[in-house]
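Student: I would like a close look at the empty spaces in this model and at what lines them. Could you take me through them, and then finish with the charged pairs?

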Amino acid sequence: MYNIPMVDLVGQYNKIKTEVDASIQDILSKASFIGGPYVKQFQENLQSYLNVKHVIPCANGTDALQVAMMALNLQPGDEVITTTFTFIATAEVIALLRLTPVLVDIEKDSYNIDPQAIERAITPKTKAIVPVHIFGQCANMEAILDIAKRHNLYVIEDNAQAIGADYSFSDGSVMKSGTIGTIGCTSFFPSKNLGCYGDGGALFTNDDELADQIRIVVNHGMKTRYYHDYVGVNSRLDAIQAAVLDIKLKHLDEYIAARQYAAAYYDKAFSITDKIITPKKSAFTTHVYHQYVIVLNGVDRAKLMEHLQSKGISCAIYYPVPLHEQKAYQDPRYKKGDFPVSEYLCDNVIALPMHTEFTDEQLEYVTKSVLEFIG
């Protein structure tokens, strides 16, 4: 029996161990833990990879979202539209800043925020849209940018799950996810496609003035040392995490290709049954498969998960509860049944292992284990 984790960080580390260990030892020997050449090098290399003017590292992906909203000077009571089908951080920072989260439903096929639902939710108080590039493919950014332009709104991309994905516009131009809106935000949590060995995050923008403001916010609201012109936060990416990320960045396209191979294997194996709905890929974006999430059709999810776990196969539910049903975010504006697509998915999705170190034998073991239960 195999032991198949959701993500194999040990196997990934073993392939880059020599370079990682040498970089960490160099940082320890120089005691250059905050800032310094490793952070600068990673920042510049990520800017080049993304073809974006500014990358501003920070401490984690949640901070990135909060800093983005602070840098845009959003004020208490301003409305921010986002999806109800996402990790809690997206709404958490809106609430922490005393902004008003406005939740909308998602598209049935892509699981991404529905542009038509965004349009219907706009009011005079709306100031920003936060599309989440869920599971590894971009939301319909061309439609979202059109809405934002017509209503004079900011677009903050939550790119924690889709770094490296390409978005193709109708005119043939291509941009990397996270570089399309006003600000892009990402997380470098260890399990992410580009993950460090602790916490980390970053913001992306092509706006020079906005980049300067973001740098001020992440550094205690300070442009000149000990002179604080703004209320800011302390959110920095440390040198060890930057060193790890810079090494992994060289392999990111290779990692993406490995995930796409695994996804294609899953797709083919599950095509023989109508009890599994495999992820649908939107025509305008590549999919980097941060997660491989299937929708079960008439299958007992709890029993399937128990079956897989008995065979040493990890699995998970992303997400079991939509934001509008979370106790901390209950709002009289919303009730169960208001977001039928999100609610259906929360009841029927299951995520299978997805990482960069799969062998064909392991993929065969996972797929056969799923299919033998479904029958």
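Tutor: Let's start with the classes used to describe a lining: Ala, Val, Leu, Ile, Met, Phe, Trp, Tyr, Cys and Pro count as nonpolar, Asp, Glu, Lys and Arg as charged, and the others, Gly among them, as polar. Please keep in mind that this is a predicted model.

The enclosed space comes first. The structure has one cavity of 30 Å³ or more, and the largest cavity holds about 50 Å³ of space. Its lining has five nonpolar, four polar and one charged residues. The nonpolar residues in the lining are Tyr111, Ile134, Phe135, Pro279 and Val293, while Ser110, Gln137, His287 and Gln291 are the polar ones. The charged residue is Lys280, because Lys belongs to the charged class.

Now for the open spaces. The largest pocket contains about 580 Å³ of space. It is lined by 28 residues, and those closest to its centre are Phe87, Ser187, Phe189, Lys192 and His290. Elements that give two or more residues to this lining are α3 (61-71), α4 (89-96) and β8 (183-187). Sorted by class, the lining comprises 13 nonpolar, 11 polar and four charged residues. Around the centre, Phe87 and Phe189 are nonpolar, Ser187 and His290 polar, and Lys192 charged.

The second largest pocket offers about 370 Å³ of space. Among its 17 lining residues, Pro57, Arg215, Val218, Asn219 and Arg236 lie nearest the centre. Two or more lining residues come from each of α2 (37-50), β1 (54-58), α7 (208-218) and β10 (222-224). Helix α7 gives the most, with four residues. The lining divides into nine nonpolar, four polar and four charged residues, and two of the charged class, Arg215 and Arg236, are among those nearest the centre.

That brings us to the charged pairs. Side chains of opposite charge can pair when their charged atoms come close, and the structure holds 17 salt bridges. One of them joins Lys311 and Glu372, with 3.1 Å from N to O. Lys311 sits in the loop between α10 (301-310) and α11 (340-348) and Glu372 in helix α12 (residues 360-374), so this pair ties together parts that are 61 residues apart in sequence. Lys311 is partly exposed at 22% relative accessible area, and Glu372 is also partly exposed, at 46%.

Another group is a network: Glu119, Asp146 and Arg150 are joined by salt bridges that share partners. Within it, Arg150 pairs with Asp146, their closest N and O atoms being 3.1 Å apart. Both lie in helix α6 (residues 141-151), four residues apart, about one turn of the helix. Arg150 is partly exposed at 48%, as is Asp146 at 41%.

Finally, Lys176 forms a salt bridge with Asp166, where the closest N and O atoms are 3.0 Å apart. This pair links strand β7 (residues 174-176), which holds Lys176, to strand β6 (residues 166-168), which holds Asp166, with the two positions 10 residues apart in numbering. Lys176 counts as buried because its 15% relative accessibility falls under the 20% cut-off, whereas Asp166, at 25%, is partly exposed.

Terms used: Residues are numbered from 1 along each chain as its sequence is written. This is a predicted model: local features need pLDDT of at least 70, side-chain atom pairs count only at pLDDT 80 or more; totals for chains, interfaces and linings use all residues. Side-chain values use heavy atoms; hydrogens and water are left out. A salt bridge is a side-chain nitrogen of Lys or Arg within 4 Å of a carboxyl oxygen of Asp or Glu. Buried means under 20% relative accessible area, exposed over 50%, partly exposed in between (1.4 Å probe, protein chains only). On a 1 Å grid over the protein atoms alone, a cavity is a set of points where a 1.4 Å probe fits but cannot get out, and a pocket is an open set with protein on both sides within 12 Å along at least five of seven lines; lining residues have an atom within 4 Å of a point. Grid points are joined across faces, edges and corners, and a volume is the space filled by probe spheres set on the points.
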